[in-house]
Amino acid sequence: MARKLPPKDVVIIGLGWTGSILGYELAKAGLDVVAIERGPWRDTASDFPPAYAQDELRYAIRLDLFLRPEQQTLTFRNKMNETALPIRSFSGFLPGNGVGGAGVHWNGQTWRFLPTDFNIRSHLEQRYGADALPADMTIQDWPLSYDEIEPYYDRFEKLCGTSGKAGNLKGVKQPGGNPFEGWRSAEYPTPPLKQGLGATLFAEAARKTGHMPFPQPASNLSEAYTNPLGVKLGQCTYCGFCERFGCGNYSKASPQTSVLPALLRFPNFSAQTESEVTKINLDSTGKRATGVSYVDSSGQEWEQPADLVLVCAFSFFNVRLLLLSGIGKPYDAQTGQGVVGRNYAYQTTSSVDLILKDKILNPFIATGAHGMIIDDYNGDNFDHTGLGFFGGGYMGFGQTNARPIETRPVPKGTPKWGAQWKKATAETYQRACSLATHGSSYSYKDCYLDLDPTYKDRLGRPLMRMTFDFHDNELKMSAFLTDRLAEIGKAMDPAEITAHPRQGPYNSTIYQTTHNTGGTVMGTDPSTSVLNRYCQSWDVHNVFVPGGASVFPQNHGYNPTDTVGALAYWTADAILQRYLRNPGPLG
Amino acid sequence: MRRIFAAALLLVSPVASAGSASADSQDFDRIERGRYLAVLADCGACHSKPGGQPFAGGLALRTPFGILVAPNITPDPETGIGNMTDAEFLASLHDGRGRNGRRLYPAMPYPAYTKMSDDDVLAIRAYLATLAPVSNAVVTNRLPFPLNIRLAMVFWNKLNFTPGRYQADARKSAEWNRGAYIVEGPAHCGTCHTPKNFLGGDNNDHALAGGTLQGWFAPDITGDVRKGLGGWSKDELVQYLKTGANKWTLATGPMAEAVTHSTSRMTDRDISDIASYLKDDGAHDASPRPTPVEAGDGVMRAGQAIYRDNCAACHRDAGTGEADLFPLLAGSAQVQSDDPTTLVRVVLQGTRAVSTLARPTAPAMPAFDWRLTDAQVAAVLTYIRNSWGNAAAPVAASAVATQRTSLAKTP
């Protein structure tokens with residue numbers, strides 16, 4: 001029997017990046033806000049202090065910060081005619097858990113999408129012809145333009161204190177930055193990180209081969225910084241423990257280091273941790289949410305009434321919560337009708353491994369977004385005529401870490417164990433590096449999320465089912481990008497080079513990335529989107545999904561966090577300036 | 001005639017003002033002044049319990065002699081001070097005598113409040129009278145026998161207490177005098193920062209030269225260049241009191257509470273006057289610099305290795321720290337204080353800095369008690385206290401052991 005709590009103005013489901021940004025903006029405006037978080041409370045000094053935060057076994061191998069499948073998982077299949085099976089050990093992608101969410105364990109790579117990414121379908125059809133795109137490719141224009149989102153990118157980057165070099169300031173190209181990026185209203189809040197030898201060698205080779213390298217934008221800060229909320233971050237120490245780790249030095253932007261200190265000062269904000277929202281409750285018309293139900297760690301059910309429900313969990317769980325709550329029409333891949341779960345997409349990554357001659361790279365001097373990058377082959381920055389694919393990605397030398405358990409590069413032909421293997425790892429560690437591509441993943445009719453017909457979670461609710469495989473377009477794109485990258489790699493004069501273009505089928509047991517997007521897509525047409533351009537549900541006007549990656553109509557050739565943060569601010573403004581004045585559909 | 005009238009009023013007032021009648025609830029100026037004086041005097045710090053009703057009492061103070069609990073000072077007639085007369089209220093703050101002449105313990109800082117003017121004390125009274133009465137009975141005296149006999153305070157007062165209002169120093173500016181009044185009176189800085197004699201009384205020959213209580217060393221806040229605030233500019237001191245942080249350090253422990261409830265809420269003018277006074281408390285030569293422990297010493301070398309592994313990521317190789325985030329160690333008076341109690345404590349237990357509107361970050365130092373032995377803590381502190389131009393007595397492993405034991409007893 002659920003116990004009913006006193007009503008709140010706003011209930012936030014999930015206290016990660018979007019939840020903490022919305023919490024701050026709405027609490028600051030005077031609303032009474034409660035955030036309900038599935039995982040534990042997490043704080044820098046007590047949960048990832050420098051004295052043990054750099055524990056590779058605990059965090060990178062045993063995945064201490066991540067969601068446990070026993071608590072919540074999903075089922076997976078490649079094709080619609082297969083039977084999906086539950087993921088019993090997360091490995092292909094790693095959903096976070098707890099306060100801070102993915103903002104705790106991310107690498108800090110902070111990219112804007114290209115201006116043409118926001119109108120990708122109309123742009124490609126205009127440039128390459130109306131029939132150029134594959135029939136089953138379901139990419140669509142975003143409901144907002146780059147010009148509209150630019151101020152919100154700027155706000156999120158200022159929140160993080162992102163380090164980098166602008167390539168385009170208000171339309172004027174800037175030497176040293178990314179010449180392909182959209183215009184920026186301001187320079188990055190902090191200057192670029194210092195580059196190591198490997199990145200410097202890559203940049204030389206890239207220039208020599210006619211490309212335009214620039215430092216990777218990083219929310220691992222090059223210098224101490226005070227953000228607009230008054231919260232101070234420290235300088236990155238290049239310790240190389242970012243992805244899968246919390247930062248103990250207050251130098252990687254996260255909800256903990258960038259928002260929560262200011263948010264927690266509001267007496268009208270509170271957080272309920274270790275409590276999982278099971279359902280968004282609707283009134284008898286089904287057009288208005290009355291609040292949420294959740295279950296705490298003792299199994300006690302609670303009902304939290306609220307006037308506004310903000311769905312701020314990780315992308316999968318946003319989709320699943322709408323499906324379980326009956327908000328929006330579920331997507332049916334057979335007919336192509338329905339919207340919730342539609343346009344699930346991922347990221348198409350690949351690598352080129354190098355062993356250099358007589359170099360000492362000191363690869364352990366690293367941070368999550370540390371390297372030199374080229375953007376020549378991203379989005380539609382290059383002519384796709386005759387290539388047989390669309391999309392692209394950034395590529396370059398990124399030195400995120402060289403931790404001792406997992407970083408054991410050896411030349412080809414080395415035995416997999418024993419004295420020779422040991423000798424080879426010792427000789428190779430300082431000379432080896434990996435170049436990477438980070439490619440787009442366009443959406444397709446047969447890549448989607450729905451409720452599993454068989455498997456249920458600990459509370460008896462159906463698990464979510466993922467149906468996903470790489471399509472030819474993405475595999476061709478990956479082959480092309482990897483070839484280009486290998487050409488630059490060869491210009492670095494390696495002793496050995498091995499290219500690993502992405503190959504199908506998608507394997508959910510090999511880690512690639514946790515950039516899982518789509519399922520609650522934003523758009524201008526209710527028949528192809530779950531949310532309108534303000535991330536508001538078309539069907540239930542007081543439910544918003546403020547910018548989690550589940551709102552992406554497809555995934556582009558960049559990491560999602562900057563766009564997630566920008567859309568959180570975009571939605572906060574829409575709620576404050578439009579919705580609160582006249583609650584109702586904004587579309 | 002006028003004098004007689006005044007005397008008659010005085011006689012009458014204890015009766016007339018019983019209950020809340022003493023406060024004219026229309027006298028907004030006075031009530032507001034009383035509210036602000038209660039901030040200066042930080043009444044709420046002791047008389048409120050975290051999560052409890054403000055001023056309803058209940059915070060347990062661990063004194064060297066035992067536990068005392070601050071009483072309920074809301075106007076509740078039964079459990080609060082609703083039945084207290086103005087004269088009794090004045091006597092509490094000025095003379096350490098509560099209702100019916102009962103002796104107070106000096107955990108109530110009447111040795112400082114005695115310097116406050118009658119008018120200021122009664123303004124606080126007027127403000128407290130406007131609070132909602134809260135029924136909360138508090139057993140204040142939890143001292144062991146024989147200290148629990150309040151009459152013992154008669155003798156304590158004879159030895160340690162000089163009643164009397166603040167006397168302005170005509171040679172000094174109005175700002176300095178205002179600062180002195182706040183520091184010595186309502187803000188009762190000496191209650192923590194002045195060393196105590198064996199009876200717990202102030203050692204006024206060394207006023208504000210630093211004291212140890214509740215497992216913290218409240219640092220020297222005299223103008224001493226090496227040990228006190230002599231190295232801080234007036235602006236840095238103002239910034240610290242206002243925001244809880246400056247380039248040198250961040251407020252933590254009991255001072256974090258003082259910043260939260262009191263100094264960050266003071267007017268800019270009062271903070272400036274306090275700083276004027278503290279920066280000009282008489283000629284202070286730097287106390288003699290001890291000979292630093294040699295860098296080649298075995299303990300120093302061990303300390304350096306421990307420092308690089310555990311501390312340098314935030315405090316930096318050269319102890320330079322980061323303003324408002326990681327305290328500066330090189331040149332810090334606190335780091336070189338004679339009494340390393342606070343240093344040992346923050347290494348063992350960790351601590352969180354204060355969060356204020358201007359500096360919300362509240363960074364925290366993690367605990368190292370699970371990771372470093374007593375000898376390792378002693379070595380790293382000895383290294384920090386004798387590097388980068390610092391010079392201070394080495395920290396003994398036995399001192400760390402003692403503190404580890406006492407921290408384990410007082411969660």
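In this predicted model, a good place to begin is chain B, where the axes of helix H2 (residues 28-40) and helix H6 (residues 118-128) come within 7 Å and cross at roughly 100 degrees. Angles of 65 to 115 degrees count as roughly perpendicular, so H2(B) is roughly perpendicular to H6(B). On the H2(B) side, the residues that meet H6(B) are B:Arg30, B:Ile31, B:Arg33, B:Gly34, B:Arg35, B:Leu37 and B:Ala38. Their partners in H6(B) are B:Asp120, B:Ala123, B:Ile124, B:Arg125, B:Ala126 and B:Tyr127. Sorted by class, the residues of this helix contact comprise 7 nonpolar, 1 polar and 5 charged.

Turning to chain A, the reader will find an open sheet of 4 strands, arranged in the order E5-E4-E20-E19 with mixed pairing. Strand E5 (85-86) and strand E19 (448-456) of chain A are its edge strands, each pairing on one side only. Within the sheet, strand E4 (residues 74-77) and strand E20 (residues 462-467) of chain A pair in the parallel sense over 4 bridges. Here A:Thr75 stands opposite A:Arg465 in E20(A). Helix H9 (residues 315-325) of chain A lies across E4, E19 and E20 of chain A, and runs at about 125 degrees to E20(A).

The two chains also meet each other. Chain B contributes 21 residues to the contact and chain A contributes 17 residues. On the side of chain B that touches chain A, helix H14 (312-315) and strand E7 (364-365) of chain B are the elements that give two or more residues. That side of chain B is made up of 12 nonpolar, 4 polar and 5 charged residues.

Methods:
Residues numbered from 1 in each chain as written. Chains lettered and ligands numbered in written order. Predicted model: local features only at pLDDT ≥ 70, side-chain atom pairs only at ≥ 80, totals over all residues. Axes fitted to C-alpha atoms, helices over the stretch in contact; angles between N-to-C directions. Parallel < 35°, antiparallel > 145°, perpendicular 65-115°, else oblique. Contact = placed C-beta atoms within 7 Å. Nonpolar A, V, L, I, M, F, W, Y, C, P; charged D, E, K, R; others polar. Pairing = 2+ DSSP bridges.
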